[in-house]
Amino acid sequence: MNSVILSIRMIVSILLSMGASVDDYKRYRISNRIIVAGFIAGLSLIFGDIALGCLMGDEFWRELKQQWIYLTGFISAFVISYTMYLVKGIGAGDVKLFAVLGLILGMENILRIIAFSMVAGVVIGIVEMKVTGNKRSISTLYGIKLHVFHFSFGITAGIIINFMILMGGMIH
């Protein structure tokens with residue numbers, strides 16, 4: 001993938017997740033309007049990639065085939081994050097945000113972002129508990145108490161970490 005196109009996809013993802021984080025902070029939920037905007041952005045980027053490839057002389061079907069990585073990113077992000085939702089590890093808005101980010105960034109990037117987000121989420125949750133004294137918690141299916149916080153912050157951090165690593169050339 002062209003590094004300029006990847007940079008555009010990453011910037012769109014960062015802006016989307018920052019918007020979701022602001023909404024999550026204000027309302028403890030992520031608006032479906034943000035999710036729909038992200039979905040439209042993801043589809044626009046896919047169609048833009050196809051059009052750009054065709055303008056550069058590639059065959060339409062070859063360009064279309066290369067876009068499957070984004071559909072698989074959407075599906076894999078949904079399946080993984082929905083599993084986390086079922087055990088009350090994340091909220092429904094976070095599931096939708098991950099899925100849309102998978103559509104924008106593709107499977108390889110979203111899998112890394114999910115992993116980075118989990119680590120960032122743990123760190124952010126611990127820091128928030130220590131700094132604010134916020135001890136708000138909920139029960140999971142198994143009776144385990146979990147700290148409640150804005151996981152969209154962890155998602156944003158995961159995207160930024162992934163972007164920094166990619167731009168630094170550590171991952172190809």
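Start by selecting Tyr82, which is partly exposed at a relative accessible area of 36%. Before you zoom in any further, keep in mind that what you have open is a predicted model.

**Stop 1: the rings on H4**

With Tyr82 still highlighted, add Phe78 to the selection. Phe78 counts as partly exposed as well, at 40% relative accessibility. How far apart in helix H4 are Phe78 and Tyr82? They are four residues apart in that helix, which covers residues 68-86, so about one helical turn separates them.

Now look at the rings themselves. A search through the whole structure turns up five aromatic pairs. In the pair formed by Phe78 and Tyr82, the ring centres are 5.5 Å apart and the planes meet at 15°; planes under 30 degrees apart count as stacked, so this pair is stacked. Add Tyr85 to the view and you have a cluster, with ring pairs linking Phe78, Tyr82 and Tyr85.

One more ring to visit: show Tyr70 together with Arg9. Arg9 lies over the face of Tyr70, at 3.9 Å from the ring centre.

**Stop 2: zoom out to the whole chain**

Switch to a cartoon view. You should find seven helices and two strands in the chain. Following the sequence along, the pattern reads α-α-α-α-α-α-β-β-α. If you colour by accessibility, buried residues make up 41% of the 172 residues.

**Stop 3: H1 and what follows**

Select residues 3-27, which form helix H1. H1 has 25 residues and reaches 35 Å from its first C-alpha to its last, close to the 36 Å expected at 1.5 Å a residue.

Step just past the end of H1 and you meet Tyr28, with a positive phi of about 55°. That is a positive value in a residue other than glycine. Tyr28 sits in the loop between H1 and helix H2 (32-55). Is Tyr28 buried, partly exposed or exposed? At 35% relative accessibility, Tyr28 counts as partly exposed.

**Stop 4: a loop between H4 and H5**

Jump to Lys88, in the loop between H4 and helix H5 (92-105). Lys88 isn't a glycine, yet its phi is positive, at about 60°. Its relative accessibility is 41%, so Lys88 counts as partly exposed.

**Stop 5: H7 and its partners**

Keep H1 on screen and add helix H7, residues 151-167. The two pack at an angle of about 160°, with their axes 8 Å apart. Angles over 145 degrees count as roughly antiparallel, so H1 is roughly antiparallel to H7. The crossing of H1 and H7 is left-handed.

Next, hide H1 and show H5 beside H7. Here the axes come within 10 Å and cross at roughly 20°. That makes H5 roughly parallel to H7. The crossing of H5 and H7 is right-handed.

**Stop 6: along H6**

Select residues 107-132 to bring up helix H6. Do the ends of H6 sit where you'd expect, and what should the span be? At 1.5 Å a residue, its 26 residues should span 38 Å, and the end C-alpha atoms are 36 Å apart, which agrees.

Try picking out the buried residues of H6, among them Ile110, Ile113, Ile114, Ala120 and Gly121. The buried residues of H6 also include Asn109, Arg112 and Glu128.

Val123 lies in H6 too, but with a relative accessible area of 47% Val123 is partly exposed. Draw a distance from the C-alpha of Val123 to that of Gly154: the two are 31 residues apart in sequence and 8.6 Å apart in space. Then move to Gly133, which follows H6 and has a positive phi, near 75°.

**Last stop: H3**

Finish at Gln66, in helix H3 (residues 60-66). Gln66 counts as partly exposed, at 39% relative accessibility. Draw one more C-alpha to C-alpha distance, from Gln66 to Ile50: they are 16 residues apart in sequence and 8.6 Å apart in space.

How values were computed: Residues are numbered from 1 along each chain as its sequence is written. This is a predicted model: local features need pLDDT of at least 70, side-chain atom pairs count only at pLDDT 80 or more; totals for chains, interfaces and linings use all residues. Side-chain values use heavy atoms; hydrogens and water are left out. Buried means under 20% relative accessible area, exposed over 50%, partly exposed in between (1.4 Å probe, protein chains only). Rings of Phe, Tyr and Trp (its six-membered ring) pair if their centres lie within 6.5 Å; planes under 30 degrees apart count as stacked, over 60 as edge-to-face and the rest as tilted. A charge sits over a ring if NZ of Lys or CZ of Arg is within 6 Å of the ring centre and within 35 degrees of the ring normal. The expected span of a helix is 1.5 Å times one less than its number of residues. Axes are lines fitted to C-alpha atoms, for helices over the stretch in contact, and angles run from 0 to 180 degrees between N-to-C directions. Angles under 35 degrees count as roughly parallel, over 145 as roughly antiparallel, 65 to 115 as roughly perpendicular and the rest as oblique. A crossing is left-handed if the near helix is turned anticlockwise from the far one by less than a right angle, and right-handed if clockwise.
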